[in-house]
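Biologist: Could you take me through one part of this model up close, the nonpolar core, and tell me what sits around it?

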Amino acid sequence: ARQGQCYLEERDAVRRKQLLTFTVSGKGYLAVQVVTALRDLIFKTLIKLYPRIDKNDIRIVLLEPGDKIISRLHPRMGIYVARHLKRTGIATGRTAGGLA
């Protein structure tokens, strides 16, 4: 509950967005499942618990090593998954130098 209060009390717009930025760093199907479950939790539950949260301040990012999402997929299917994530509010990017 304290994190929600911090956000609601924060006056600086940049800091509010930082407090509501969620990053998942992973690889493959599991990373996509985790990030989409996180998105569902945030937009189906968190917003109901904290209705004063501005949805526009929420940012969800999936970071994967390599050039594409779920490298085992056919390239066209990987592009489809990346576009679907973007349409549903999940940004994607690459990790620098792989995962630790």
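Modeller: Here is a walk through the core, with the overall layout before it and the charged pairs after it.

A word on the ground rules: this is a predicted model, local features need pLDDT of at least 70, side-chain atom pairs count only at pLDDT 80 or more, and totals for chains, interfaces and linings use all residues. Residues are numbered from 1 along each chain as its sequence is written, and side-chain values use heavy atoms, with hydrogens and water left out.

The protein chain has 4 helices and 3 strands, in the order α-α-β-α-β-α-β from the N terminus. Helices here are DSSP runs of H or I with at least four residues, strands are runs of E with at least two, and both are numbered from the N terminus. The C-alpha trace spans about 45 × 25 × 20 Å along its principal axes. Of the 100 residues, 31% count as buried; that means under 20% relative accessible area, with exposed being over 50% and partly exposed in between (1.4 Å probe, protein chains only).

Now the core itself. The term stands for a set of buried Ala, Val, Leu, Ile, Met, Phe, Trp, Tyr and Cys residues joined through side-chain atoms within 4.5 Å. The largest one has 20 residues, and those touching the most other members are Val 35, Ile 53, Ile 58, Ile 60, Leu 62, Ile 69 and Leu 85. Helix 3 (28-49), strand 2 (59-64) and helix 4 (75-87) each supply at least two residues of this core, and helix 3 gives the most, with 6. As a general point, nonpolar side chains tend to be buried together in soluble globular proteins.

Start with Val 35, which lies in helix 3 and is buried at 0% relative accessible area. Leaving out residues up to four places away in sequence, Val 35 touches Val 24, Ile 60, Val 61, Leu 62, Leu 85 and Ile 90, where contact means heavy atoms within 4.5 Å.

From there, step across to Ile 60 in strand 2, buried with a relative accessible area of 2%. On the same sequence cut, Ile 60 touches Phe 22, Val 35, Leu 38, Arg 39, Ile 42, Phe 43, Gly 89, Ile 90 and Ala 91. His 74 sits 14 residues from Ile 60 along the chain, yet their C-alpha atoms are separated by 25 Å.

Ile 69 is another good stop. Setting aside neighbours within four places, Ile 69 is in contact with Val 32, Leu 62, Glu 64, Gly 78, Val 81, Ala 82, Leu 85 and Thr 92.

As for the charged pairs, the whole structure has 2 salt bridges, each needing a side-chain nitrogen of Lys or Arg within 4 Å of a carboxyl oxygen of Asp or Glu. Arg 39, one of the residues touching Ile 60, is buried at 13% relative accessibility and pairs with Asp 40, with the closest N and O atoms 3.1 Å apart. Asp 40 is partly exposed at 29%. The other bridge joins the side chains of Asp 57 and Arg 16 (3.7 Å, N to O). That pair links distant parts of the chain, since Asp 57 is in the loop between helix 3 and strand 2 and Arg 16 is in helix 2 (residues 13-19), 41 residues apart. Asp 57 is buried, at 7% relative accessible area, whereas Arg 16 counts as partly exposed at 22%.
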